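Me: Take a close look at one part of this model for me, please: where the domains meet, and then what's around the ligand. Keep it chatty but give me the cut-offs.

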Amino acid sequence: MDTITEQKKISLRNVDKIFTSDKGEVQALKGLSLDVEDGEFLAIVGASGCGKSTLLNLVAGFDQATCGDVLLDGDPVTGITPECNMIFQQYALFPWKTVQENVEFGLKMQRVAKGERKERAHRFIDLVGLNGFEASFPHQLSGGMKQRVSIARSMASNPKVMLLDEPFAALDAMTRQVLQEQLVRIYEKHRKTIIFITHSIDEALLLSSRIAVMTARPGRIAQEIVNALPHPRNADVQLSNRYVELKRMIWDSVQAEVLKSMEVETQ
Ligand SMILES: Nc1ncnc2c1ncn2[C@@H]1O[C@H](COP(=O)(O)OP(=O)(O)O)[C@@H](O)[C@H]1O
Ligand SMILES: [Mg+2]
């Protein structure tokens with residue numbers, strides 16, 4: 001078979017991650033394998049503490065696996081690369097920089113010339129609907145606006161992979177819905193490879209093309225589900241038999257793992 005067509009954008013092969021501290025060892029991931037195709041929108045759901053952020057940190061190159069392989073385009077991830085960009089729940093904006101400066105930051109690091117930096121920042125500030133807020137500072141913005149700045153900053157540096165770690169978890173339901181719709185639009189237009197972590201099954205179903213459920217800690221992939229629900233995933237889709245069926249299936253899987261994690265904690 002042609003090896004090029006087999007090449008995955010991201011590949012985790014039998015990955016273990018053990019944290020060692022003075023309190024002892026914590027095995028966060030054990031034997032985790034997962035493939036993500038180029039241009040895929042993968043959502044990962046799983047109980048709190050099962051290793052979701054750990055997995056994302058390995059892909060981003062913030063941390064290294066204890067054993068196993070973490071591959072990006074077939075090459076081992078050995079450190080942070082501009083190809084992968086992380087968006088966190090807590091915005092991680094520079095409080096002393098304006099919206100414009102925050103969005104330009106990654107480009108400055110990439111030594112993009114000033115004129116182009118300005119133009120690209122402007123384009124992505126526009127994309128997330130923050131025209132007119134270029135000179136504002138993060139403390140002058142709502143949570144939803146701050147997260148839009150994070151998305152604009154990420155998009156401006158043109159990463160191949162966007163890693164989102166519960167990015168909308170701290171937002172109210174209405175803002176969250178607006179940002180979800182915006183993210184789907186951005187994804188459809190730019191087709192990045194996305195790994196999106198959420199503890200909301202509805203959010204996973206609304207956004208993704210595939211959903212992976214993680215086991216309780218030590219985390220690995222318990223189940224992978226293709227999500228071929230039609231777009232836009234409006235109220236009609238959410239009331240469809242297929243949606244309800246998928247939601248129940250994922251819920252059963254997540255619930256079984258939550259119960260297992262509670263058993264682990266009381267041991
Ligand atoms: N730097 C670290 N040192 C020690 N333990 C850690 C560290 N990071 C995470 N852990 C532990 O690893 C497990 C998985 O954490 P995490 O990946 O943050 O879970 P999730 O994102 O699914 O809630 C947890 O038990 C957590 O306490
Ligand atoms: Mg986490």
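## Domains and ligand shell

Reply: The centres of domain 1 and domain 2, taken over C-alpha atoms, sit 27 Å apart. This is a predicted model, where local features need pLDDT of at least 70 and side-chain atom pairs count only at pLDDT 80 or more, while totals for chains, interfaces and linings use all residues. Residues are numbered from 1 along each chain as its sequence is written, with chains lettered from A and ligands numbered from 1 in the order in which they are written.

Domain 1 is made of 3-83 + 163-169 + 186-266, and domain 2 covers 89-158 (bounds from an automatic or database domain assignment). Where they touch, seven residues of domain 1 are in contact with six of domain 2 (contact: C-beta atoms, placed from the backbone, within 7 Å). The domain 1 side of that patch has five nonpolar, no polar and two charged residues (nonpolar is Ala, Val, Leu, Ile, Met, Phe, Trp, Tyr, Cys and Pro; charged is Asp, Glu, Lys and Arg; the others, Gly among them, are polar).

Now the ligand. Ligand 1 is surrounded by 13 residues, and the closest are Phe-19, Ala-28, Lys-52, Ser-53 and Thr-54 (near: C-beta atom, placed from the backbone, within 6 Å). Strand S1 (10-21), strand S2 (24-36) and helix H2 (52-60) each chip in at least two shell residues (DSSP runs numbered from the N terminus: helices are H or I, at least four residues; strands are E, at least two). H2 gives the largest share, three residues. By class, the shell has four nonpolar, seven polar and two charged residues.

Conventions
Two residues are in contact if their C-beta atoms, placed from the backbone, lie within 7 Å.
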